[in-house]
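Dear colleague,

I am passing on the structure we spoke about, together with some notes on its charged side chains. Please look through it first and then read on.

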Amino acid sequence: MPRRTGYAVLAALAAVVILVSTAIFIGLRGDHGGTDSHAQGARGSAAPASAGAWVGTWSTSAAAAEPRTLRGFSGMSIRNVVHTSIGGSSARIQLSNFYSSQPLTITHASLALAAAPSNPTAAAGTMRRLTFNNRAWVTIPPGKAATSDPVRLAVPDAADLLVTTYSPQASGSVTYHPHARQTSYLARGDRTEDTAGAAYTEQSPYWRYLTGVDVWSKEAEGAVAVLGDSITDGITSTAGANHRWTDFLAERLRSEPGAPRFGVLNQGISGNRVLSDGTQFPPNNPSGLSRFDRDVLSRTGVKAVVIELGVNDILRIPHQTDPDRIVGGLKRLTEQAHTRGLRVIGATLTPFYGHRGYTPRLDAVREQVNARIRAGKVFDEVVDFDKALRDPLSPLRLRPAYDSGDHLHPSDQGYRAMARALDLDHLRGRAAAEL
């Protein structure tokens with residue numbers, strides 16, 4: 001090789017080394033510092049490289065179209081506050097447009113840790129811009145959902161997250177979960193990446209559009225999805241305190257020696273039934289049977305299922321007074337789970353003596369359903385919520401300390417008792433029982 005040619009080759013190689021070194025340096029800077037929000041979004045779009053798996057840490061069930069929202073919330077930022085069950089090193093979200101007849105366009109979305117519980121202010125250094133297929137915007141067709149690209153963010157166990165979305169145009173009815181028991185926030189204009197919460201002057205008891213948060217975890221074994229009604233929804237739990245029975249279950253799974261390392265996904269809808277949908281189209285408050293695939297089987301990393309349903313089939317009009325039909329529906333839910341190799345823990349129906357809907361005839365249906373559940377031919381395992389909550393001196397009613405006051409829904413103490421009643425070993429993956 002001529003000397004001049006050799007120098008040219010060496011010079012080219014040196015240039016390549018300099019370019020690669022610069023790229024590595026910039027990449028490392030992007031992972032460990034900087035305040036530019038665009039840089040945060042870019043670095044967060046890369047999938048985690050280390051070993052681990054995606055698992056659900058929080059979710060909720062889309063319940064209906066929010067009343068009086070035919071034009072959506074155009075020109076407003078919606079900051080949902082949600083509470084994690086387990087943590088991870090990266091996160092992604094799911095947005096849903098199930099209850100609109102129009103496409104939903106989100107032009108700006110973000111994720112951050114809350115600076116304090118139930119607070120719209122983001123913790124310093126945690127604001128991340130979200131992308132969808134590497135774009136800053138996403139259009140979700142009617143009846144569909146979309147999952148964001150992952151962002152690198154150290155998400156702790158039992159932490160409040162802020163998930164903010166902005167839509168500049170009318171989008172049709174808002175898909176929402178009405179009984180969040182958590183305060184979320186709204187601000188006028190695009191305040192999606194505001195770290196301060198000062199612009200978020202309007203409070204809301206709802207979750208809007210957001211239906212799931214997943215984390216990338218090296219420790220998690222999976223998630224347990226809990227399909228239920230208002231008792232699982234935690235409708236009478238202390239707002240903002242995360243005292244639903246599923247929250248107490250998540251606490252047990254985090255703290256008890258030998259407990260499986262599971263995320264907990266609350267798929268409760270107040271008023272939900274096993275057999276009957278709501279009256280609108282698409283159905284508001286879809287039955288357990290019609291939403292099982294959407295709310296349980298499609299959730300990330302689900303390894304076990306808990307079913308707490310049946311009371312509303314009895315109490316709500318038209319009353320379902322045939323225990324065989326309720327039990328048959330519960331068995332079909334178990335069969336759906338078995339198609340994915342999931343074991344099912346099913347709950348007995350809790351007392352409601354003293355509630356305005358109580359009659360001896362309706363309570364007799366509850367007792368017959370419970371007898372079938374306890375006989376072991378409906379679910380793989382049983383958690384006896386009836387036994388855990390009933391008054392030993394008057395078994396048809398809730399124990400007074402566990403009664404929220406309406407004689408149907410538990411108090412915070414009652415929700416804790418429900419979580420204590422579940423045998424954690426039943427959550428571990430094993431072959432489905434022969435039913």
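A salt bridge here is a side-chain nitrogen of Lys or Arg within 4 Å of a carboxyl oxygen of Asp or Glu. Please keep in mind that this is a predicted model. Counted by that rule, the structure holds 21 salt bridges.

Asp 386 is a good place to begin, since its side chain meets that of Arg 390 in a salt bridge, with N to O at 3.1 Å. Asp 386 also pairs with Arg 366, where the closest N and O atoms are 3.3 Å apart. This second pair links distant parts of the chain, for Arg 366 lies in helix H8 (residues 360-374) and Asp 386 in helix H9 (residues 385-389), 20 residues apart.

How buried or exposed are these partners? Arg 366 has 0% relative accessibility and therefore counts as buried, and Asp 386, with a relative accessible area of 2%, is buried as well. Arg 390, by contrast, is partly exposed, because its relative accessible area of 27% falls between the limits of 20% and 50%.

Elsewhere, the side chains of Asp 425 and Arg 428 form a salt bridge at 3.8 Å, N to O. Asp 425 is partly exposed at a relative accessible area of 46%, and Arg 428, at 29%, is likewise partly exposed. There is also a network, in which salt bridges that share partners join Asp 363, Arg 366, Glu 367, Arg 374, Asp 384, Asp 386 and Arg 390.

With best wishes

How values were computed
Residues numbered from 1 in each chain as written. Predicted model: local features only at pLDDT ≥ 70, side-chain atom pairs only at ≥ 80, totals over all residues. Heavy atoms only, no water. Helix = DSSP H or I, 4+ residues; strand = E, 2+ residues; numbered from the N terminus. Buried < 20%, exposed > 50% of the residue type's maximum accessible area, 1.4 Å probe, protein only.
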